[in-house]
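Below is a colleague's note for someone meeting this structure for the first time. Please read the numbered points with the sequence and the 3D view side by side.

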Amino acid sequence: AINPFNSYARQTEYIMNHYAKKCSRFIEDECLPNEVRISSAGKPRDLAKKVVKVMKNFPKDGVVISASGGHVTKAVTTVELVKRSCELQQIHQETMLKYARVEDMWEPDMQGLDTLKVVRRIPAISITLREPAPQQTT
């Protein structure tokens, strides 16, 4: 007889066929006033203009550009546009790669099954741009 559970992947696929994803939400920190979060909305050129405005409002702290998942490349493109637009000024960049946590809720299609809460990690990036501190001469 063929065992339908001969591999973990098949077993998981069989079980998850009885569930439907209810919702997903990010488990994240609060948004800082000098932070620009990149999402699917907006073009990199328009986001770069917003980043430059925030940099002018927070010259000491700089601006933090953050994105996760498929929006990481859009964040990198936005930063490169900002750096190109500020060519005459020196800009200090700090890049931090990390993982963002996403919580998925799965509802069962059949009676007798429990609701599942799955926490998964997706790649994320956080780029800080600021003007370098003036060098002190001694």
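1. In this predicted model, Lys22 and Glu107 are joined through their side chains by a salt bridge, with 3.8 Å from N to O. Since Lys22 belongs to strand β1 (residues 19-27) and Glu107 to strand β4, the pair ties together parts that are 85 residues apart in sequence. The two partners are covered to unlike degrees: Lys22 counts as exposed because its relative accessibility is 57%, whereas Glu107, at 29%, counts as partly exposed.

2. A further salt bridge joins Glu103 and Arg25, whose closest N and O atoms are 3.2 Å apart. Here again the partners come from strand β4, which holds Glu103, and strand β1, which holds Arg25, so the pair ties together parts that are 78 residues apart in sequence. Is Glu103 buried or exposed? Glu103 counts as buried because its relative accessibility is 10%, while Arg25 has a relative accessible area of 47% and is therefore partly exposed.

3. Glu103 also takes part in a salt bridge with Lys117, the N to O distance being 3.8 Å. This pair links distant parts of the chain, with Lys117 in strand β5 (residues 116-130) and Glu103 in strand β4, 14 residues apart. Unlike the buried Glu103, Lys117 counts as exposed, at 56% relative accessibility. In addition, Lys21, Asp104 and Arg120 are joined into one network by salt bridges that share partners. The structure holds 8 salt bridges, and the ones described above are among them. As background, side chains of opposite charge can pair when their charged atoms come close.

4. For orientation, the chain contains 3 helices and 5 strands, and reading from the N terminus these elements follow the order α-β-β-α-β-α-β-β. Of the contacts between residues at least 6 apart in sequence, 75% join residues that are at least 24 apart. Buried residues account for 26% of the 138 residues in the chain. The area exposed by the chain is about 10300 Å², of which carbon and sulfur atoms supply 52%.

5. Tyr99 is found in strand β4 (residues 92-108), and with a relative accessible area of 52% it is exposed. Which residues does Tyr99 contact, once its neighbours within four places in sequence are left aside? They are Arg121, Ile122, Pro123 and Ala124. The C-alpha atom of Tyr99 is also separated by 7.9 Å from that of Ile125, although these two residues are 26 residues apart along the chain.

6. Ser68 sits in strand β3 (residues 63-68), and it counts as buried because its relative accessibility is 15%, below the 20% cut-off that is used for buried residues. Residues up to four places away in sequence not being counted, Ser68 touches Phe26, Ala100, Ile122, Pro123 and Ala124. Ile122, Pro123 and Ala124 are also among the contacts of Tyr99, so a reader may wish to view Ser68 and Tyr99 together.

7. On the surface, a patch of positive charge is formed by Lys43, Arg45, Lys49 and Lys53. One of these residues, Lys53, has its place in helix α2 (residues 44-57), and at 58% relative accessibility it counts as exposed.

Definitions and conventions
Residues are numbered from 1 along each chain as its sequence is written. This is a predicted model: local features need pLDDT of at least 70, side-chain atom pairs count only at pLDDT 80 or more; totals for chains, interfaces and linings use all residues. Side-chain values use heavy atoms; hydrogens and water are left out. Patches are made of residues with over 30% relative accessible area and no salt bridge: like charges are joined within 9 Å, nonpolar side chains (Val, Leu, Ile, Met, Phe, Trp, Tyr) within 5 Å. Accessible areas come from the Shrake-Rupley method with a 1.4 Å probe; for residues, only the protein chains shown count as cover. A salt bridge is a side-chain nitrogen of Lys or Arg within 4 Å of a carboxyl oxygen of Asp or Glu. Lys and Arg count as positive and Asp and Glu as negative; His and the chain ends are not counted. The place of a charge is taken as NZ of Lys, CZ of Arg, CG of Asp or CD of Glu. Helices (H or I, at least four residues) and strands (E, at least two) are DSSP runs, numbered from the N terminus. Buried means under 20% relative accessible area, exposed over 50%, partly exposed in between (1.4 Å probe, protein chains only). Contact means heavy atoms within 4.5 Å.
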